[in-house]
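Ready for a few warm-up exercises? Have a look at the structure below, then try each task before you read its solution.

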Amino acid sequence: MSRPLAIIIWSIAIITAGLFAWPKWRLPESVSAHSAAIDHQFKITLIVIGVGFTLTHAALGYAVWRYRAKNGERASNSSGNARVEIILAAITGLTFIALAITGQRVWARLQLNQAPPISLVDAVRVEVVAQQFAWNFRYPGADGKFGRTDPRLYNDADNSIGARPGPLGIDSTDPAGKDDVVTTTLVAPVNRPISLTLRSKDVIHDFYVPALRLKQDAVPGMKINIHFTATREGRYEIACAELCGKFHHQMRAYLDVKSPRDYEEWLKKNGK
Amino acid sequence: MTIKAQTTKPFTFIANCIANRIANCIGRYVFSRDHRIIGLQYFFLALTAALVGSAMSLLMRLRLAWPRSRWPWLETIFPGGFQDGLMKPEFYLAMVTMHGTIMIFMVLSVAPQSAFGNYFLPIQLGAREMVFPRLNMISFWLTLASFVVLMSALFTAGGAPIGGWTFYPPLSAVASAGPGQDSGADLWLISVGIFCLASFLGSINFIVTTLTRRTKGMSLARMPLTCWGWFTTACVSLLAFPVLFIACLLLFLDRNYGMSFFKPAGLVVSERFIEGGGGSPLLWQHLFWFFGHPEVYLVIIPVMGVISHVMATFARKPVFGYRTMVVAIVAIGALGFLIWGHHMFVSGMNPRIGVAFSVLTLVIGVPSAVKTFNWLGTLWGARIRYATPMLFAIGFVSLFVSGGVTGLALGQTALDMVFHDTYFVTGHFHLIMGVAAVFGIFAATYYWFPKIFGRKMNEAMGKTHFWLTFVGVYAIFVPFHLLGVAGHPRRYADTLWFEFLKPLEPLHVLITIAAFVTVAAQLIFVANFLWSLWKGARAGDNPWEATTLEWTGEASNVAGLPPVVYRGPYEYSTPGAAKDYSMQTEM
């Protein structure tokens, strides 16, 4: 029993490590300014994981192969070895903490700069409003200001009710809201910071763009800011990553990254 | 007939029931206050729940692998869950929710702690009973009631809730937010509330028994590591379950009595404005995970104890670093309360707090790694006997490592932004707290079956069960991680709506096939269990030549002198001794 077990343990380790090393199972293409740093951190982490996983399974398989019961032989009576335990604990402790700390750098750059840094001053500001089961995007329009909203004015189905019918409950009495642009596709200029404010109408959703390495819950009652810079033109899928109801798996929208000129043109065409 | 024989063989019980007065039988075997009967009751509850939960996972796998296929014969079984033979997405999500709830609460929280703990804690301590036998009985019946209430959610008009076992409001707070969120969700909250109460009462029993009922000579440092596991887990339960209980109560008030703990102002659900407000959806997440993270440790800690215990027996070696193992168990239990925020990195919680939770999360990896090293240390220089319990113990170590290492990625805030709520997480926790814990439960069952029923389980069937399950779970859950790396969100009813998911469909088919084979292999276990009850080879008092008190051949709660302990729990292969093991009762 010892040899087949050792062989199975080793085989599982080799196959698993091989699958993760195989280029087919890589992260999706990445098109944001911060994604290279995240992917790098993942690579480092994957190497640490791979080494830990492989060495432990190699040792486990070895012990299983080597130390099977033999007639009349007694096992070692060793009940521990403080030096070995301390050395191994110290190595893992240092490795884990080093990973934790290096992992914070990307996070800090993305998340701890809540007040827009210099580069975000000329950022494109977009409000994302999630609802069962759709994404809405609101641009402030020429005045650069978002109009006031009131949840009582939310009105998708019947446009005859409400002071000013509009998808996101925009208050018609607020002049700042007159030129707001509401779309169902997130259009963004390439290489320019995009500052998003996430809101939700009903339940918790999660704004998830695999290609951006970006994921953030949209929580009703909260306004959550995140920012990114897309570095390649193209059309990317936006998914919902927080269970939000029966059509959670269908809650799709697109991120359309355009050249600055195309973006301005689009803005002109859609603005009022 | 001796008392021992009466209480250790369930089929003698049944014969007695028929022969003797039914009332007497009910008192002794149904509303029993005997810790061994209660342990068995918990065990069979967990076994039933595990079969139900596995069946639900297979239903989920069907839709994921073949989302466009029609299953008219399933529609005849679940008329509400299918339409024209196609599984409705809300039925899929109801299965997600129920599978998670049943497995986490009714199986993983019950089998390692309540089932084996109740049976063996008093015996291994040399106590005659749990301190509060009546309370123990109440704990079991509350747990059973909780299971019945949970299952009844399936039969409500809207079906079972669809919000996942984490039950995040406002989805779970507003009945109109989805099918199953009406009375099904109320029943879920009632069920989990009852379960919290049962676990809380049970934990008091475990703690007081451990502290006050140890027999002469059984110092804390001579307790088997199983007892350390059960004791630490009870301490964690005592602090964690009340928090979930309160959270469930508050959510129930939100739903039914116009309160607004978790509902913010200005909600518009299904085109309706929800009055009230001022609550916080994040408050639920904090309360839930303050319970929920310790919960994963209270699943795995008693299993860790079992693995060390089984491993020493079959390695014929003392546990490597007994004191370190105790310190690691207690450290994991304590640190487990400080890292709940790693479930909430992208929840909208202040990202600065995420930094602290992230560092603490990787710190808890250290005692877990130390335990792994010490299991390897226990095998080093051993003379391993490859009986079925040992196979499952070794399998556990492999799964614990495989499931644990990915925590290094998930514990980092920035990487969690990539993997949060993807199959990477699902794969991670299924390996480390799902199947690793289940391997612990199997190891415990094969190991203690001879003590409980007087017969050994069949080795050939046991080994077949092990091989199929060990390979099967890897075939299921390694692809989960690959799906996660590719960005596949969890809790998606199908992959048809996204271009980036469509190429992943073949992997779902592979996983589903592996899942069916692996679940079918569990029928070998069930068959072996039943077969061995009648036909298993008779086991003597100490079939594994182990050292602890459950193998001394004395029933713990019969009249007579309690055992006296002279030795530590794992004295194997002592040089110069006549045998390669010395029992704790040997002078």
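Two residues are in contact here if their C-beta atoms, placed from the backbone, lie within 7 Å. Keep in mind that this is a predicted model.

**Exercise 1.** Work out how chain A is built and how spread out chain A is, starting from its helices and strands.

*Solution.* Start with the parts: chain A has four helices and ten strands. Next, put them in sequence order, which gives α-α-α-β-β-β-β-β-β-β-β-β-β-α. Then look at the contacts with a separation of 6 or more: in chain A, 70% of them join residues 24 or more positions apart. For the overall dimensions, the C-alpha atoms of chain A fill a box of roughly 90 × 40 × 35 Å along the principal axes. Finally, check the radius of gyration: chain A has 26 Å, while a compact globule of 272 residues would be near 19 Å.

**Exercise 2.** Find which elements of chain A touch chain B.

*Solution.* First, count both sides: 88 residues of chain A meet 98 residues of chain B. On the chain A side, the elements giving two or more residues include helix 1 (2-21), helix 2 (35-66) and helix 3 (82-112). Strands 6 (205-209), 7 (214-218) and 9 (234-240) of chain A are on that list too. Helix 3 of chain A gives the largest share, with 15 residues. Sorted by class, the chain A side holds 47 nonpolar, 23 polar and 18 charged residues.

**Exercise 3.** Decide how helix 4 of chain B and helix 19 of chain B run relative to each other.

*Solution.* Begin with the geometry: the axes of helix 4 (residues 35-65) and helix 19 (residues 505-535) of chain B come within 9 Å and cross at roughly 160 degrees. Angles over 145 degrees count as roughly antiparallel, so helix 4 and helix 19 of chain B are roughly antiparallel to each other. Their crossing is left-handed. Among the residues making the contact are B:L58 and B:L62 of helix 4 and B:I511 and B:F516 of helix 19. By class, the contact has nine nonpolar, five polar and one charged residues.

**Exercise 4.** B:D84 and B:S573 each have a positive phi without being a glycine. Is each one buried or exposed?

*Solution.* Take B:D84, in the loop between strand 1 (82-83) and strand 2 (86-87) of chain B. B:D84 has 7 other C-beta atoms within 10 Å, so B:D84 is exposed. Now B:S573, in the loop between strand 5 (571-572) and strand 6 (581-582) of chain B. With 22 other C-beta atoms within 10 Å, B:S573 is buried.

Conventions:
Residues are numbered from 1 along each chain as its sequence is written. Chains are lettered from A and ligands numbered from 1 in the order in which they are written. This is a predicted model: local features need pLDDT of at least 70, side-chain atom pairs count only at pLDDT 80 or more; totals for chains, interfaces and linings use all residues. Axes are lines fitted to C-alpha atoms, for helices over the stretch in contact, and angles run from 0 to 180 degrees between N-to-C directions. Angles under 35 degrees count as roughly parallel, over 145 as roughly antiparallel, 65 to 115 as roughly perpendicular and the rest as oblique. A crossing is left-handed if the near helix is turned anticlockwise from the far one by less than a right angle, and right-handed if clockwise. Ala, Val, Leu, Ile, Met, Phe, Trp, Tyr, Cys and Pro count as nonpolar, Asp, Glu, Lys and Arg as charged, and the others, Gly among them, as polar. The radius of gyration is taken over C-alpha atoms; the globule rule is 2.2 Å times the number of residues to the power 0.38. A residue is buried if 20 or more other C-beta atoms lie within 10 Å of its own, exposed if 12 or fewer, and partly exposed in between; C-beta atoms are placed from the backbone.
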